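Please look over the sequence and the structure shown here before reading on. The report below takes up the main pocket first and then turns to the surface and the chain as a whole.

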Amino acid sequence: VVGLDGISNLQFNNSIIQQLFVVIWHRNHLPVLSSSPLVKTGDVYAYDFTSNGGQAFGTDAQKFLSSGIFGMIGGDANADGMIDTMDKDISWLSEAGLSGYLSSDLNLDGQSSNTDKNDIWLPNTGSGSQLP
């Protein structure tokens with residue numbers, strides 16, 4: 001995650017007095033929480049969720065994408081923390097065939113289609129948020 005310019009580190013004007021954990025929320029993915037506190041190096045806190053499935057708090061909180069790369073679990077179209085029939089029956093069915101910034105566009109290609117349902121929602125059905 002970077003600043004609005006796409007390059008710079010995010011800047012916060014807060015004093016960190018306890019351990020710092022990070023949570024990433026995305027509109028149609030299950031959220032992830034860092035499994036360990038961030039470590040400050042210089043003036044930067046950095047954390048890489050992608051390197052290992054254990055980088056996120058919980059069991060099966062991330063999805064294996066390819067060799068050495070893990071990512072967020074997609075398919076939570078209604079953002080309730082569960083990937084279930086509600087995501088398909090309410091979000092996907094009402095938006096299927098449409099284009100735009102849609103909650104049911106699970107692969108983020110600008111369209112709600114069978115690909116979103118079959119390739120993202122279906123294999124992740126039954127997954128839920130691991131946030132405490």
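## The lining of the largest pocket

Sorted by class, the residues that line the largest pocket comprise 18 nonpolar, six polar and three charged ones. The model in which this pocket is found is a predicted one, and the pocket itself has a volume of about 950 Å³. Of its 27 lining residues, Leu-10, Phe-12, Leu-38, Tyr-45 and Ala-46 are the closest to the centre of the pocket.

Two strands, S4 (44-46) and S6 (69-71), each contribute at least two residues to the lining of this pocket. The largest share of the lining, which amounts to three residues, is supplied by S4.

## Leu-10 and a nonpolar patch

Leu-10 is found in the segment that precedes strand S1 (23-24). Is Leu-10 buried or exposed? With a relative accessible area of 41%, Leu-10 is counted as partly exposed, because that term covers values between the limit for buried residues, under 20%, and the limit for exposed ones, over 50%.

On the surface, Leu-10 joins Val-1 and Phe-12 in a nonpolar patch, and together these residues have about 380 Å² of accessible area. Leu-10 and Phe-12 are also among the residues closest to the centre of the largest pocket.

## The chain as a whole

The chain contains six strands and two helices, and, read from the N terminus, its elements follow the order β-β-β-β-β-β-α-α. Its C-alpha trace spans about 50 × 35 × 30 Å along the principal axes, and of the 132 residues in the chain, 28% are buried.

Terms used
Residues are numbered from 1 along each chain as its sequence is written. This is a predicted model: local features need pLDDT of at least 70, side-chain atom pairs count only at pLDDT 80 or more; totals for chains, interfaces and linings use all residues. Side-chain values use heavy atoms; hydrogens and water are left out. On a 1 Å grid over the protein atoms alone, a cavity is a set of points where a 1.4 Å probe fits but cannot get out, and a pocket is an open set with protein on both sides within 12 Å along at least five of seven lines; lining residues have an atom within 4 Å of a point. Grid points are joined across faces, edges and corners, and a volume is the space filled by probe spheres set on the points. Helices (H or I, at least four residues) and strands (E, at least two) are DSSP runs, numbered from the N terminus. Ala, Val, Leu, Ile, Met, Phe, Trp, Tyr, Cys and Pro count as nonpolar, Asp, Glu, Lys and Arg as charged, and the others, Gly among them, as polar. Patches are made of residues with over 30% relative accessible area and no salt bridge: like charges are joined within 9 Å, nonpolar side chains (Val, Leu, Ile, Met, Phe, Trp, Tyr) within 5 Å. Accessible areas come from the Shrake-Rupley method with a 1.4 Å probe; for residues, only the protein chains shown count as cover. A salt bridge is a side-chain nitrogen of Lys or Arg within 4 Å of a carboxyl oxygen of Asp or Glu. Buried means under 20% relative accessible area, exposed over 50%, partly exposed in between (1.4 Å probe, protein chains only).
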